[in-house]
Amino acid sequence: MRKLTLLALIFTVVVMIAACGKKPENETSGASASAAPSASQSESASASPSASTEEKSYKISISQIVEHPSLDAAREGFLAALKDAGIEEGKNLTVDFNSAQGEQSNNLSIAQKIAGSKSDLVLAISTPSALGVAQQVKDIPIVFSAVTDPLGAKLVSSLEAPGGNVTGASDTNPEATTKLVEFIAANFPNIKSVGLVINEGEPNAVVMAKKAEEEFGKKGIKLVKAAITKSSEVKQAAESLAKKTDAFYTTLDNMVISGVDSILKVAKEKKKPIFSSDRDTVEKGAFATVGFKYYDHGYQTGLMAVEILKNGKKPGEMPVLMQEKLDLILNVKAAADYGIEVTDAMKNAVQDQAQNLIQ
């Protein structure tokens, strides 16, 4: 009897030891456990597809009234600002560039085309281009560049709070005209009349002409205008003005600037200096302006576009920017073409002589 009890005890111990060494059916080895993801890990992986890490791409439509150095430089500066912010054409940016070639009918067609596009933003370069797209495009952010009087053109309801879907940077500062006229009056006492070729169908040209007439009048200088309706008329208008004025002046008139070579040619032939409202015309051969680089102006507009595209800013809440940094720009090497002797007083009026004395 004792032997049976002892054997039963030994058997019970053996069974218990075997049971302790056996793994539960749902238990896996350490290596298998680390290799097999949990249900929550699997869900997390499926919730993070590769698409979420893809870089956002953008499409921008550009409307430009005509191609000439100032407007082209503004466009280049705009695209450079985007590139510096990581939005680069050929990588994550598609640009639909449209030039109206100076024709209002083309300008309207371009605006209508852009209205039907799926662009993320529209850049309008010049007043006519901005007016065209603003009238047609209501559900896409619009920024403008090279617009002289956005308030007068009724592109915005306020410079501080534009409202709607339009904002941008104006390419003028009324002080620029005032300072240029003061420079002319102080250094050219023999100039009593100045000729202006103008397209009176362009609002910005009319606004600037009025301002110039007021400023020249304060100095006893008469502004004589010759109106044109197309760029092919620029040369004839310039030749007419050369017979009755002492110098030429140009505004930010896109039609005139696109044909400004004709004015430069007449001015040099007649030895009558030409003063402009833009740096690019001075670089081409005009004698002086008070202004800035249109590349920098376009870059300024580009920074506004970045705020809209990347940071979700609303155009209507972004104030219109003005050009604050003005300087006299002289083309010293062109002086001989007009029989001008460049004095130290003229040079000293230039603040940044390294950049704005063209020699």
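Modeller: A definition first: Ala, Val, Leu, Ile, Met, Phe, Trp, Tyr, Cys and Pro count as nonpolar, Asp, Glu, Lys and Arg as charged, and the others, Gly among them, as polar. Also, this is a predicted model.

Biologist: By class, what residues does the lining of the second largest cavity have?

Modeller: The second largest cavity has a volume of about 60 Å³. Its lining includes Leu71, Ala146, Leu252 and Ile257, along with Asp171. Sorted by class, that lining has one charged, five polar and five nonpolar residues.

Biologist: Which elements give two or more residues to the lining of the second largest cavity?

Modeller: Among the lining residues are Ser70, Leu71, Asn254 and Ile257. Two or more residues come from each of α4 and α10 (254–258).

Biologist: How many cavities of 30 Å³ or more are there?

Modeller: The largest cavity is about 110 Å³ in volume. The second largest is about 60 Å³. With the cut-off at 30 Å³ or more, the count is three.

Biologist: Which residues are the closest to the centre of the largest cavity?

Modeller: That cavity has a volume of about 110 Å³. Its lining holds 18 residues, and the closest to the centre are Thr172, Ala176, Met208, Ser277 and Val290.

Biologist: Which elements each supply at least two residues of the lining of the largest cavity?

Modeller: The lining is mixed in class: eight nonpolar, seven polar and three charged residues. The elements that each supply at least two residues are α7 (174–187) and β10 (288–291).

Biologist: Which residues of β10 are buried on one side, and which on the other?

Modeller: In a regular strand, side chains alternate between the two faces of the sheet. Both faces of β10 are covered. One side has Ala288 and Val290, and the other has Thr289 and Gly291.

Biologist: Which residue of β11 stands opposite glycine 291?

Modeller: β10 and strand β11 (residues 327–331) run antiparallel and are joined by four bridges. Opposite glycine 291 in β11 is aspartate 327.

Biologist: What is the bridge partner of isoleucine 142 in β5?

Modeller: β4 and β5 run parallel, with four bridges between them. β5 is mostly covered, with five of its five residues buried. Within β5, isoleucine 142 has as its bridge partner valine 166.

Biologist: How far apart are the end C-alpha atoms of helix α13?

Modeller: Helix α13 covers residues 294–311, which is 18 residues. At 1.5 Å a residue, the expected span is 26 Å. The model agrees with that, as the end C-alpha atoms are separated by 25 Å.

Biologist: What do the buried residues of α13 pack against?

Modeller: Buried residues of α13 include Tyr294, His297, Met304, Val306 and Leu309. Tyr294 also lines the second largest cavity. The buried residues of α13 pack against β1 (58–64), α4 (69–84), β3 (121–125), β4 (142–147), β5 (166–170) and α12 (279–284).

Biologist: Which glycine takes a positive phi just after α13?

Modeller: The helix α13 runs through residues 294–311. Just after α13, a positive phi of about 70 degrees is taken by glycine 312.

Biologist: Is serine 126 buried or exposed?

Modeller: Serine 126 sits in the loop between β3 and α6 (127–136). Its phi is near 110 degrees, a positive value in a residue other than glycine. Buried means under 20% relative accessible area. The relative accessible area of serine 126 is 0%, so serine 126 is buried.

Biologist: What is the relative accessible area of lysine 271?

Modeller: Lysine 271 is in the loop between α11 (260–269) and β9 (274–275). Although not a glycine, lysine 271 has a positive phi of about 55 degrees. Lysine 271 is partly exposed, and its relative accessible area is 47%.

Biologist: What separates the C-alpha atoms of asparagine 106 and isoleucine 65?

Modeller: Asparagine 106 is part of helix α5 (residues 104–115). Asparagine 106 is partly exposed, with a relative accessible area of 29%. Along the chain, asparagine 106 and isoleucine 65 are 41 residues apart, yet their C-alpha atoms are separated by 8.7 Å.

Biologist: Back to the whole protein. What share of its residues is buried?

Modeller: The protein has 15 helices and twelve strands. Of the contacts with a separation of 6 or more, 71% are between residues 24 or more positions apart. Among the 359 residues, the buried share is 48%.

Definitions and conventions
Residues numbered from 1 in each chain as written. Predicted model: local features only at pLDDT ≥ 70, side-chain atom pairs only at ≥ 80, totals over all residues. Heavy atoms only, no water. Expected span 1.5 Å × (residues − 1). Buried < 20%, exposed > 50% of the residue type's maximum accessible area, 1.4 Å probe, protein only. Contact = heavy atoms within 4.5 Å. 1 Å grid on protein atoms, 1.4 Å probe; cavity = no way out; pocket = protein on both sides within 12 Å on 5 of 7 lines; lining within 4 Å. Points joined across faces, edges and corners; volume = space filled by probe spheres on them. Pairing = 2+ DSSP bridges.
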